[in-house]
Structure formats: structure tokens, C-alpha cells
Amino acid sequence: MANIELIDIKKNYGPVPAVKGINLVVADGEMIVLVGPSGCGKSTLLRMIAGLESITSGHLKIGGRDVSRVEPAERDIAMVFQNYALYPHMSVRQNLEYGLKNRGFQRDDIARRVTDAAAILEIEPYLERRPRQLSGGQRQRVAMGRAIVRNPAAFLFDEPLSNLDAKLRVQMRVEIRKLQKRLGTTSLYVTHDQLEAMTLADRLVVMNGGRIEQIGTPIDVYERPETLFVAGFIGSPPMNLVDLDKIGGAVTWPGLPPNTDVVGIRPDAFSLTQNTANSVPLTGMIELIEPIGGESHLHIVIEGSSQTVIAAHAGRSPLSEGETATWHVNPADLHCFNKSSGQRTD
Ligand SMILES: Nc1ncnc2c1ncn2[C@@H]1O[C@H](COP(=O)(O)OP(=O)(O)O)[C@@H](O)[C@H]1O
Ligand SMILES: [Mg+2]
């Protein structure tokens, strides 16, 4: 096992920068999730760590050893891809054995490793089948099996669950997390799905435009997003970002920090009862109600403005579409930002 150290890593495709200087240490045994929108450089970064893509500048260390210029096979890393990358003409067993044979492992050792991995992943009944005779979830398990048998210093996952349907994705997500905890293998996991990121990560790395926006535990990032981008990206439904210029005097805010021109409010921070004397009142009309089962999402047009916010209420909506009401927000639940810097001001 080992830690992974990224020191000012950059990638240019010709003149175009895709990764603009990443500094990060993945601790031994830690599961870090890189999350960000499509095109922000996640796969490029992962591929540079795997050695599938050259590093334009910066350094990569695995277990303290500088491997920036080392061949992929010499990096002791296993990567799991979205498309599984299984050999279609080989059985599951042969797929699992292949990388080990190539690396010159002894026959008994290979047999033992394949048996162990198959037991861990519960794929013993399918060992003699071809990949096309398996379901998507089973194929994904085989792809993970191929990583596990090598017992590498680290696992790299690039959106491994994207090809699965929603229900299976949730199930496999739980399995990956349990497996990673059980094996204790240092892991970097890439996804564009913020919920997947929140539930899998020891620490989240939120990326945008080839840069890191924020690093922290999922709860820390959720509770205190440091930038407007992170505020809007993490959380579902997303945080309401109220533009003070557009809302004029429609809401009376408490003393906001200097340079604040956007105020963020999570949907669950709205209350129809006033819980503190200094709460912020927001009056608005309910334009639409979305019942999603455990909660209802109320789309509210703030009175005296054209801004809409979403409030989440537990269970059924206490009010109907078209009604006007006043909600209260605790000042501690306001997130203050500056639009032009994109940074938090409080
Ligand atoms: N082989 C390549 N040649 C040129 N540009 C590339 C190549 N691979 C990726 N890019 C560009 O680099 C940026 C980051 O891509 P990528 O790492 O695949 O993003 P993500 O995985 O976050 O969706 C994108 O703008 C993409 O178009
Ligand atoms: Mg990608």
C-alpha cells in the first residue's frame, strides 16, 4: 500500500491546458473522489496517474517514489474503467488471470488470487462464462476483480458505474465502498455525479476548469462551500443562489459581510415558522410544487423580484400552488459570496 502525491501537475493538449496545476496527497488507504462537470479534466488527471497520458509538467509520487516518467506497468496501479475493458473472447477466469500471467506470476499464485477475488466479489458461479453472458453489474464486478487480483498499491476508478441503471448503480456504489474499506487500498475515484461522490468519499476534491475548487470531507464541503461553483454543484436540489442586485430591496438581510452580492440558501433551510428572533423573512408565491415522496419541493417566486428559490419541506406540502406565504431563514444558514471573485465572503 502507498500514498499518492500530486505536485503541481499540468496537462496541455497542444496549446490547450486541460489540467492547470493540481496539488493533492491521497493518504495511504484513503478513498478520494474527484468530482466535477464533464470536461473539467478528471479523466485526464487519472490517466496521467495511471501513466496512460504523459504529464506535461509537475511530479507524481507513489509511495514516495517519483513515477512521473515511469511506464504504466511499473507503477503498481490498477484502473477500473466505465466500459469495463474486458476481453470478449476470454472467460471470466481468463480475464482475471490474463494480467497476472503477463506479469509473470506463478501458476499456483494466480489460481489462489483468482479464487480469493472471485469469493470476495461473489462471481464464482460465472468464472467459465464469457463477458457477454453476464449482466452489466456482473461485468463491473469482473472488471473490479481484475484490479483486485493484482493487489496493487492503488486503485483508480473512472466513472465505473455510468453504464449501469440507476438502481444497480446505487447497489454497486455500496459494494465498492465496502470493498475499498475492507481491502484498505488507496483509491482515487472519478465521477460527475455529486451524490455518488458524497457517499463514496473519505475526502472530496471538487474540480472545475482543470483546477481544484475545494478539498474536504463531504460534510465539510456541503456545510461550507468555499466558492460559488462548489455551492451550486454539491447538493440536490442545488443551493439557491440569490443575486442581491436582481432582488433589490425585496428581502431585508441582516448585516452581511463586505463585498457580498450573492446569498446562498439550501432548500431545507426555509421554515414556515420563525425559530429565531433575527431570522430573515422571505415572502413569495408558490409557482410549482414537486412532490418527490419523502419531501416536497416548492418553487417560490420572491415577492418584488423575478428570482425563484426552491424550498424543501418534509412530507406533503403544507401549502398549495398559487398561495403566498412568508418563510424564515436562520442567519447561520446564509452562505455569502462575491460574484466576481466567486469566493466566500463570510
Ligand atoms: N486526447 C485529447 N486531445 C485533446 N483534448 C483532449 C484530449 N482528451 C481530453 N481533452 C480535453 O481536455 C479537457 C478535459 O477532458 P477530460 O479529462 O476527459 O474531462 P472529464 O473526464 O472531466 O470529463 C476537455 O476539454 C477535453 O476536450
Ligand atoms: Mg471523463
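What follows covers a few backbone oddities and the two largest pockets of this predicted model.

Start with the backbone. The peptide bond running from S236 to P237 is cis, and its omega sits near -5°. As for where this happens, P237 belongs to the loop that links helix 8 (228–233) to strand 11 (240–243).

Two other residues stand out for their phi angles. D76 is not a glycine, yet its phi is positive, at about 60°. This aspartate lies in the loop between strand 5 (65–66) and strand 6 (77–81). With a relative accessible area of 38%, D76 is partly exposed, falling between the 20% limit for buried and the 50% limit for exposed.

E159 is the other case: phi is near 45° here, again a positive value in a residue other than glycine. Its loop runs between strand 7 (154–158) and helix 5 (166–183). The relative accessibility of E159 is 13%, so this glutamate counts as buried, the cut-off being under 20%. The two positive-phi residues thus come out in separate classes, with D76 partly exposed and E159 buried.

Now for the empty space. The way to find it is simple enough: a probe the size of a water molecule, rolled over the atoms, shows where room is left. The largest pocket holds about 480 Å³. Its lining is made up of 21 residues, and those closest to the centre are I77, M79, F81, R103 and R150. Strand 6, helix 2 (92–102) and helix 4 (136–148) are the elements that each give two or more residues to this lining. Helix 2 supplies the largest share, with five residues. Sorted by class, the lining of the largest pocket comes to 16 nonpolar, two polar and three charged residues. Strand 6 therefore turns up twice in this account, once as an end point of the loop that carries D76 and once as a contributor to the pocket lining.

The second largest pocket takes up about 260 Å³. It is lined by 15 residues, of which R113, I148, V149, N151 and L183 are the closest to its centre. Here the largest share of the lining comes from helix 3 (residues 107–121), which gives five residues. Broken down by class, the lining of the second largest pocket has nine nonpolar, two polar and four charged residues.

Note on methods
Residues are numbered from 1 along each chain as its sequence is written. Chains are lettered from A and ligands numbered from 1 in the order in which they are written. This is a predicted model: local features need pLDDT of at least 70, side-chain atom pairs count only at pLDDT 80 or more; totals for chains, interfaces and linings use all residues. Side-chain values use heavy atoms; hydrogens and water are left out. Helices (H or I, at least four residues) and strands (E, at least two) are DSSP runs, numbered from the N terminus. Buried means under 20% relative accessible area, exposed over 50%, partly exposed in between (1.4 Å probe, protein chains only). On a 1 Å grid over the protein atoms alone, a cavity is a set of points where a 1.4 Å probe fits but cannot get out, and a pocket is an open set with protein on both sides within 12 Å along at least five of seven lines; lining residues have an atom within 4 Å of a point. Grid points are joined across faces, edges and corners, and a volume is the space filled by probe spheres set on the points. Ala, Val, Leu, Ile, Met, Phe, Trp, Tyr, Cys and Pro count as nonpolar, Asp, Glu, Lys and Arg as charged, and the others, Gly among them, as polar.
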